[in-house]
Amino acid sequence: RAAAGAGKGVSASALAGLVSQIERRWNPNCEVEGGRDVRVRVTFTLSATGQVVGAVEAGGKETSSNPVVRAAAERAIRAVRQAAADKALPREVYGQAWAPTFNAQEACQ
């Protein structure tokens, strides 16, 4: 699953909601060779109103020379932006920095 950083005082259910909403939008490519082996850690900060502040980054994987890794990272970044734009993230996670790690092997089950 995903592990998230920051979030002091955030309930387990809010953290699970954050991860769940992003993972639902991530959609890794499970059918291509190596697609199930990708792990992507994205870092981002949410404003007090739930909007993404600054860049969403995937530790450089978004510019990887491996097209499978690059696509998974780009999809993870897009998933974060979509979840925030849809106001789908729990309010309890607003105003904090996050660093969830997404595991394609688990998502592809």
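**Notebook: loops, a disulfide and a helix pair**

I began with Asn 27, which counts as exposed because its relative accessibility is 52%, over the 50% cut-off. The model I am reading is predicted. I placed Asn 27 in the loop between α1 and β1. I then looked up its backbone: phi of Asn 27 is near 55 degrees, which is a positive value in a residue other than glycine. For background I noted that most residues other than glycine have a negative phi.

**Lys 87**

I looked at Lys 87 next. Lys 87 is not a glycine, yet its phi is positive, at about 55 degrees. I found Lys 87 in the loop between α2 and β4, with β4 covering residues 97–98. Is Lys 87 buried, partly exposed or exposed? Its relative accessibility is 42%, so I entered Lys 87 as partly exposed.

**Leu 89**

I stayed in the loop between α2 and β4, where Leu 89 also lies. Leu 89 has a relative accessibility of 4% and therefore counts as buried. I asked which residues Leu 89 touches, leaving out those up to four places away in sequence. I listed Leu 18, Gln 21, Ile 22, Leu 46, Ala 83, Ala 84 and Tyr 94. I also took one distance from Leu 89: its C-alpha lies 22 Å from that of Gly 59, and the two residues are 30 apart in sequence.

**Arg 25**

I turned to helix α1, which runs over residues 12–26 and contains Arg 25. What does the side chain of Arg 25 make polar contacts with? I found one with the side chain of Gln 21, at 2.8 Å. I found another with the side chain of Asp 86, at 3.2 Å. Setting aside residues up to four places away in sequence, I wrote down what Arg 25 touches: Ala 79, Gln 82, Ala 83, Asp 86 and Ala 88.

**α1 against α2**

Arg 25 led me to the helix pair. I noted first that two packed helices are described by the angle between their axes and the distance between the axes. Helix α2 spans residues 67–85, and its axis comes within 8 Å of the α1 axis. The two axes cross at roughly 130 degrees. That angle is why I entered α1 and α2 as oblique to each other: it is not over 145 degrees, the cut-off for roughly antiparallel, and it falls outside the 65 to 115 range for roughly perpendicular. The crossing of α1 past α2 is right-handed. On the α1 side I recorded Gln 21, Ile 22, Arg 25 and Trp 26 as making the contact. On the α2 side the residues are Ala 72, Arg 75, Ala 76, Ala 79, Val 80, Gln 82 and Ala 83.

I also checked Glu 74, which is found in helix α2. Glu 74 counts as partly exposed because its relative accessibility is 37%. I looked up the separation of Glu 74 and Ser 20: their C-alpha atoms are 18 Å apart, and the residues are 54 apart along the chain.

**The disulfide**

How many disulfides does the structure hold? I counted 1. For my own reference, a disulfide is a covalent bond between the sulfur atoms of two cysteines. Here the bond joins Cys 30 to Cys 108, with an S to S distance of 1.9 Å. The pair links distant parts of the chain, 78 residues apart. Cys 30 sits in the loop between α1 and β1 (39–41), and Cys 108 in the segment after α3 (104–107). The angle about the S-S bond is -85 degrees, and the link is left-handed. I checked both ends for burial. Cys 30 has 18% relative accessibility, so Cys 30 counts as buried; Cys 108, at 10%, counts as buried too. The cut-off for buried is under 20%.

**Between β3 and α2**

My last stop was the loop between β3 (52–57) and α2, where Ser 64 lies. Ser 64 is buried because its relative accessible area is 17%. Leaving aside neighbours within four places in sequence, I found Ser 64 in contact with Val 69 and Arg 70.

Asn 66 is found in the loop between β3 and α2 as well. At 35% relative accessibility, Asn 66 goes down as partly exposed. I closed with one distance: Asn 66 and Gly 34 are 9.9 Å apart, C-alpha to C-alpha, with their positions 32 residues apart in sequence.

Notes: Residues numbered from 1 in each chain as written. Predicted model: local features only at pLDDT ≥ 70, side-chain atom pairs only at ≥ 80, totals over all residues. Heavy atoms only, no water. Helix = DSSP H or I, 4+ residues; strand = E, 2+ residues; numbered from the N terminus. Polar contact = N/O pair within 3.5 Å; in protein donor to acceptor, adjacent residues only side chain to side chain. Contact = heavy atoms within 4.5 Å. Disulfide = S-S within 2.5 Å. Buried < 20%, exposed > 50% of the residue type's maximum accessible area, 1.4 Å probe, protein only. Axes fitted to C-alpha atoms, helices over the stretch in contact; angles between N-to-C directions. Parallel < 35°, antiparallel > 145°, perpendicular 65-115°, else oblique. Left-handed = near helix turned anticlockwise from the far one by under 90°.
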